[in-house]
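Dear colleague,

I am handing over the structure we spoke about, together with an account of what was found in it. Please have it open while you read.

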Amino acid sequence: MKTINLNNVTVFVVKDYKALSEKGASIIAALLMTKKDAVLGLATGSTPQGVYEELVRMNKSGEITFKGVHTYNLDEYYPIDKSNAQSYDYFMKENLFNHIDIDMANTHIPNGMAENSTKESSSYDQKVRSIGGVDIQLLGIGSNGHIGFNEPGDVFEPMTHRVQLDERTIKDNARFFGSIEEVPTEAITMGIGTIMSAKVLLLLANGEKKATAIKEMLLGKVKPRMQASILQFHKNVIVVVDESAASELIAELKE
Ligand code: F6R
């Protein structure tokens, strides 16, 4: 494993997806071992699936418990019903919650069927605030640099909000749906301010498709066209990437 230190960001470059999943899970497990009532910010998508598998394994073997843990997910499609297999609610149950000893009342995901998305968004931020904020926020990154569903744009949206999905996100996520037409065009996502208020940000990325976004996030200008670049302003960021996702970053650092 190679470590790159960039001011506020520690980058671990690991060999492959398995190593990435183990490293990501070990960072979360270390928190759970020292703080029984930890607050986790969680993500969905392909990237964290291996981390969740590893956390399930550690929970089953008794190494960690989720009994006092609270979770807040980054986002949910809108509108979408919880029973839809593509909803992030369904994803979290399938990949994590149904297999660990967490109290389901302590798990939180924006409600994709909320009648009033503005109310849902502000009450979500309120819930995160009232628990005292997130200890570790797990993040993936879109090939367009989005975190949560904060898409490239003209501003960094501070709070949880309803958002129109970017064309590239819809294309990228079509692989989970029967066809591109079935991908929802909107979502409710934590805002950049909500994400940045977490004590530690843990961003994972694997595969060549993420290499440009990783380089620009860490070495590029901080700008809302590359939403993840805001992480340069957070004081405690851990990035775990496999060699393919790190390739452009490493090449640029060598120059
Ligand atoms: C998911 C999320 C997104 C994903 C990103 C990467 O909750 O907020 O930002 O992390 O789209 O997705 P994958 O991991 O599928 O490449």
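Which residues does Thr47 touch, if those up to four places away in sequence are not counted? Before the answer, please keep in mind that this is a predicted model, and that each value below was computed from it.

Thr47 touches Tyr17, Leu20, Leu204, Ala205, Asn206 and Lys210 once those sequence neighbours are set aside. The residue itself is placed in the loop between strand 3 (39-42) and helix 2 (49-60). Buried means under 20% relative accessible area, and because the relative accessibility of Thr47 is 8%, this loop residue counts as buried.

As for the chain as a whole, the protein has eight helices and eleven strands, and its C-alpha atoms fill a box of roughly 50 × 45 × 35 Å along the principal axes. The radius of gyration is 17 Å, which agrees with the value near 18 Å that a compact globule of 255 residues would have. Of the 255 residues, 56% count as buried, while the chain exposes about 11400 Å², of which carbon and sulfur atoms supply 50%. If one takes the contacts with a separation of 6 or more, 77% of them are accounted for by residues 24 or more positions apart. There are 27 positive and 33 negative side chains, and the centres of these two sets lie 5 Å apart.

Turning to helix 7, which covers residues 211-219, the buried residues there are Ala211, Ala213, Ile214, Lys215, Met217 and Leu218, so that a lysine appears in this list beside the other side chains. These buried residues pack against strand 1 (2-6), strand 2 (9-14), strand 10 (200-205), strand 11 (237-242) and helix 8 (243-254). Within this helix, Ala213 has a relative accessible area of 1% and is therefore buried. Leaving out residues up to four places away in sequence, Ala213 touches Ile141, Gly142, Ser143, Gly145 and Met226. The C-alpha atoms of Ala213 and Lys2, which are 211 residues apart along the chain, are separated by 19 Å.

Strand 8 (residues 161-164) shows an alternating pattern, in which His161 and Val163 point to one face and are buried, whereas Arg162 and Gln164 point to the other face and are not. This strand pairs with strand 9 (residues 186-189) in the antiparallel sense over four bridges, and in that pairing Gln164 stands opposite Glu186.

Two details of the backbone may also be of use to you. A cis peptide bond, with omega about -10°, joins Tyr78 and Pro79, and Pro79 has its place in the loop between strand 5 (75-78) and helix 3 (88-95). In the loop between strand 1 and strand 2 lies Asn7, whose phi is near 45°, a positive value in a residue other than glycine. Since exposed means over 50% relative accessible area, Asn7, at 85%, is exposed, whereas Thr47, at 8% relative accessibility, counts as buried.

With kind regards

Terms used. Residues are numbered from 1 along each chain as its sequence is written. This is a predicted model: local features need pLDDT of at least 70, side-chain atom pairs count only at pLDDT 80 or more; totals for chains, interfaces and linings use all residues. Side-chain values use heavy atoms; hydrogens and water are left out. Helices (H or I, at least four residues) and strands (E, at least two) are DSSP runs, numbered from the N terminus. The radius of gyration is taken over C-alpha atoms; the globule rule is 2.2 Å times the number of residues to the power 0.38. Buried means under 20% relative accessible area, exposed over 50%, partly exposed in between (1.4 Å probe, protein chains only). Contact means heavy atoms within 4.5 Å. Accessible areas come from the Shrake-Rupley method with a 1.4 Å probe; for residues, only the protein chains shown count as cover. Lys and Arg count as positive and Asp and Glu as negative; His and the chain ends are not counted. The place of a charge is taken as NZ of Lys, CZ of Arg, CG of Asp or CD of Glu. Two strands pair if DSSP finds at least two bridges between them.
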